[in-house]
Amino acid sequence: VLAPNNDAFTKLGLSAAQIAEKTADGSLKTILLGHVAAAKVMSGDLTEGQVITTESGMELTVSLSDGVTFTGPKNSAKVVEANVEGSNGVFHGIDTVLLPADATTSSSSKIMI
């Protein structure tokens, strides 16, 4: 799982109440599934240019040139905390919410989903 940190959600321009509303109505489902890979992947297993397909079908390309960065169809996220193991898998903290190709931004740069 690629887990956006609090600052990543702040960058979206959505309040906590708006995020909760969009979670409740299901509109965040695709974005959230875009942060879940089907397999346990440790950062040391990644290779330059590797493509990871998420549960939403979004393809993320790995860059190792300056730490670990995942690039999707709209934006990129840098890993800020790697290999945090839990009972049901591993997560990597990232600094940006990865957006699917159909996400748009308004004129004020807030995300429209």
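**Exercise 1. The surroundings of A101**

A101 has its place in the loop between strand 6 (89–94) and strand 7 (104–105); helices (H or I, at least four residues) and strands (E, at least two) are DSSP runs, numbered from the N terminus. The model is predicted, so that local features need pLDDT of at least 70 and side-chain atom pairs count only at pLDDT 80 or more, while totals for chains, interfaces and linings use all residues. Residues are numbered from 1 along each chain as its sequence is written, and side-chain values use heavy atoms, with hydrogens and water left out.

Task: Determine whether A101 is buried or exposed, and state which residues A101 is in contact with.

Solution.
Step 1. The classes are buried (under 20% relative accessible area), exposed (over 50%) and partly exposed (in between), with a 1.4 Å probe and protein chains only.
Step 2. A101 has a relative accessible area of 55%, and therefore it is exposed.
Step 3. A contact means heavy atoms within 4.5 Å. When neighbours within four places in sequence are left aside, A101 is in contact with P73 and K74.
Step 4. The C-alpha atoms of A101 and L14 are 19 Å apart in space, and the two residues are 87 residues apart in sequence.

**Exercise 2. The partner loop at P73**

Task: Describe where P73 lies and which residues it is in contact with.

Solution.
Step 1. P73 belongs to the loop between strand 4 and strand 5.
Step 2. Its relative accessible area is 47%, so P73 is partly exposed.
Step 3. Beyond four places in sequence, P73 is in contact with M58, E59, L99, P100 and A101.
Step 4. P73 and L14 are 59 residues apart along the chain, and 21 Å separates their C-alpha atoms.

**Exercise 3. The order of the elements**

Task: State how many helices and strands the protein has, and give their order along the chain.

Solution.
Step 1. The secondary structure comprises three helices and eight strands.
Step 2. Read from the N terminus, the order is β-α-α-α-β-β-β-β-β-β-β.

**Exercise 4. Two residues of one loop**

Task: For G34 and T47, find the loop and decide whether each is buried or partly exposed.

Solution.
Step 1. G34 is placed in the loop between helix 3 and strand 2, and T47 also lies in the loop between helix 3 and strand 2.
Step 2. G34 has 0% relative accessibility and therefore counts as buried. T47, with a relative accessible area of 42%, is partly exposed.
Step 3. Residues up to four places away in sequence are not counted in the following contacts. G34 touches T54, S56, M58 and L60, whereas T47 touches V62 and L64.
Step 4. G34 and L98 are 64 residues apart in sequence, with 7.1 Å between their C-alpha atoms. For T47 and L2, which are 45 residues apart along the chain, the C-alpha separation is 17 Å.

**Exercise 5. Salt bridges**

Task: Find how many salt bridges there are, and explain what the pair K40 and E85 ties together.

Solution.
Step 1. A salt bridge is a side-chain nitrogen of Lys or Arg within 4 Å of a carboxyl oxygen of Asp or Glu. The count is two salt bridges.
Step 2. One of them joins K40 and E85, whose closest N and O atoms are 2.9 Å apart.
Step 3. K40 lies in the loop between helix 3 (29–33) and strand 2 (51–53), and E85 in strand 5 (residues 76–86), so the pair ties together parts that are 45 residues apart in sequence. Both residues, K40 and E85, are exposed.
Step 4. K78 and D66 also form a salt bridge, at 3.2 Å from N to O. Because K78 lies in strand 5 and D66 in the loop between strand 3 (59–63) and strand 4 (69–71), this pair ties together parts twelve residues apart in sequence.
Step 5. K78 counts as partly exposed at 29% relative accessibility, and D66 counts as exposed at 54%.

**Exercise 6. The backbone at N83**

Task: State what is noted about the phi of N83.

Solution.
Step 1. Most residues other than glycine have a negative phi.
Step 2. N83 is not a glycine, and yet its phi is positive, at about 60 degrees.
Step 3. N83 is found in strand 5 and counts as partly exposed at 29% relative accessibility.
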